Amino acid sequence: MQAKSIWNGLSLLRTSTVRAYSVFPKYYIHPVYLPIQREQLAESGELKKREFMPILPTENDHNASVWHDPLLAKFTNYLMRKGDKKLARYLVEKSFETVKKIQLEKYHNTTDSVERSKIVIDPYEIFHAAIANSKPFLQTTPVKRGGATYQVPVPITEKRQNFLAMNWLIQAGATKDDEVRFFKKMAQEFIDAANNTGSVVKRKHDLHKLCEANRAYAHYRWG
């Protein structure tokens, strides 16, 4: 009996964690915790309308710091294995450090001032460019019609695009020789993807080519 009550309590805790906002009425609005978003609302006049509206509580991973990068935090969580976030953060920081070393060396070895001005040194800017260049816009999904299964191209959401781009980058970083450290390979993948080259960008193009080859089956997604 005691074990059953403990199990019910754990189930309730799990449900309340996953669906924490379900206890609030639907007219509660989501909080705006980023300073840049509050400034945009103030300029548009929407912030004045929100003064007396009920607001949902912020989630535990919401951060209003100017140094907080939601995309980088999501990438760190995808990289984490077995809950070891300290190791995941270390690998990301070492990857960024390696990116900056490579770009600085390239910057100082370049004699042409025009080419030097094109070299990006900031690893955060390179990271965001790598994610943007690696995001696919279409993917195929199996649809069964008349006893046959067709690979139907469908558009994907931005959340799914970010997940695929980050997951591909992590997989490309893990595909390495034993002598090469993970963060060194990851840094090179960031630079290649930011320059719109490399294995991850090729993987995105291959997926788009597959979708284009199956465009004749696109109408099946509404069937």
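Visitor: Leaving aside its neighbours within four places in sequence, which residues is F190 in contact with?

Guide: Bear in mind that this is a predicted model. Here F190 touches F75, S95, F96, V99, I126, F127, A130 and L169, once neighbours within four places in sequence are set aside.

Visitor: How should I read a list like that? What is the general idea?

Guide: In soluble globular proteins, nonpolar side chains tend to be buried together. In this structure, the largest nonpolar core has 31 residues, and F190 is among those with the most contacts inside it, along with F75, L79, F127, I131 and L169. Two or more residues of this core come from each of helix 4, helix 5, helix 7 (123-134), helix 8, helix 9 (182-194) and helix 10 (199-213).

Visitor: Okay, now the rings. How many aromatic pairs does the structure hold?

Guide: Twelve aromatic pairs. When you look at one, check how far apart the ring centres are and how the planes sit. Take F24 and Y28: the centres are 5.6 Å apart and the planes are at 40 degrees, so this pair is tilted. F24 is partly exposed, at 29% relative accessible area, and Y28 also counts as partly exposed, at 26%.

Visitor: And what kind of aromatic pair do F127 and F190 form?

Guide: An edge-to-face one, with 5.6 Å centre to centre and 90 degrees between the planes. This pair links distant parts of the chain, since F127 sits in helix 7 and F190 in helix 9, 63 residues apart. Both F127 and F190 are buried. You can also place them in a wider group: F75, F96, Y124, F127 and F190 make up one aromatic cluster.

Visitor: Let's turn to the backbone. Which sign of phi do most residues other than glycine have?

Guide: Negative, for most residues other than glycine. That makes the positive ones worth a look. K82 has a positive phi of about 55 degrees, although it is not a glycine. You'll find K82 in the loop between helix 4 and helix 5. With a relative accessible area of 90%, K82 is exposed.

Visitor: And where is N196, whose place is in a loop?

Guide: N196 lies between helix 9 and helix 10. Its phi is near 65 degrees, again a positive value in a residue other than glycine. N196 counts as partly exposed, because its relative accessibility is 42% and the partly exposed class runs between 20% and 50%.

Visitor: What about pockets? What is the volume of the largest pocket?

Guide: About 910 Å³. To read a pocket, start from its centre and work outwards to the lining. Of the 30 residues that line this one, H68, D69, P70, A73 and K74 are the closest to the centre. Helix 4 (70-79), helix 5 (85-109) and helix 8 (158-174) are the elements that give two or more residues to the lining. Helix 4 gives the most, with eight residues.

Visitor: How do the residues of that lining divide by type?

Guide: There are 13 nonpolar, seven polar and ten charged residues in the lining.

Visitor: One last stop: is L47 buried, partly exposed or exposed?

Guide: L47 counts as partly exposed, at 35% relative accessibility. Its place is in helix 3 (residues 46-49). Apart from neighbours within four places in sequence, L47 is in contact with R38, L41 and A42. For a sense of scale, the C-alpha atoms of L47 and K106 are separated by 46 Å, and these two residues are 59 residues apart along the chain.

Note on methods
Residues are numbered from 1 along each chain as its sequence is written. This is a predicted model: local features need pLDDT of at least 70, side-chain atom pairs count only at pLDDT 80 or more; totals for chains, interfaces and linings use all residues. Side-chain values use heavy atoms; hydrogens and water are left out. On a 1 Å grid over the protein atoms alone, a cavity is a set of points where a 1.4 Å probe fits but cannot get out, and a pocket is an open set with protein on both sides within 12 Å along at least five of seven lines; lining residues have an atom within 4 Å of a point. Grid points are joined across faces, edges and corners, and a volume is the space filled by probe spheres set on the points. Helices (H or I, at least four residues) and strands (E, at least two) are DSSP runs, numbered from the N terminus. Ala, Val, Leu, Ile, Met, Phe, Trp, Tyr, Cys and Pro count as nonpolar, Asp, Glu, Lys and Arg as charged, and the others, Gly among them, as polar. A nonpolar core is a set of buried Ala, Val, Leu, Ile, Met, Phe, Trp, Tyr and Cys residues joined through side-chain atoms within 4.5 Å. Buried means under 20% relative accessible area, exposed over 50%, partly exposed in between (1.4 Å probe, protein chains only). Contact means heavy atoms within 4.5 Å. Rings of Phe, Tyr and Trp (its six-membered ring) pair if their centres lie within 6.5 Å; planes under 30 degrees apart count as stacked, over 60 as edge-to-face and the rest as tilted.
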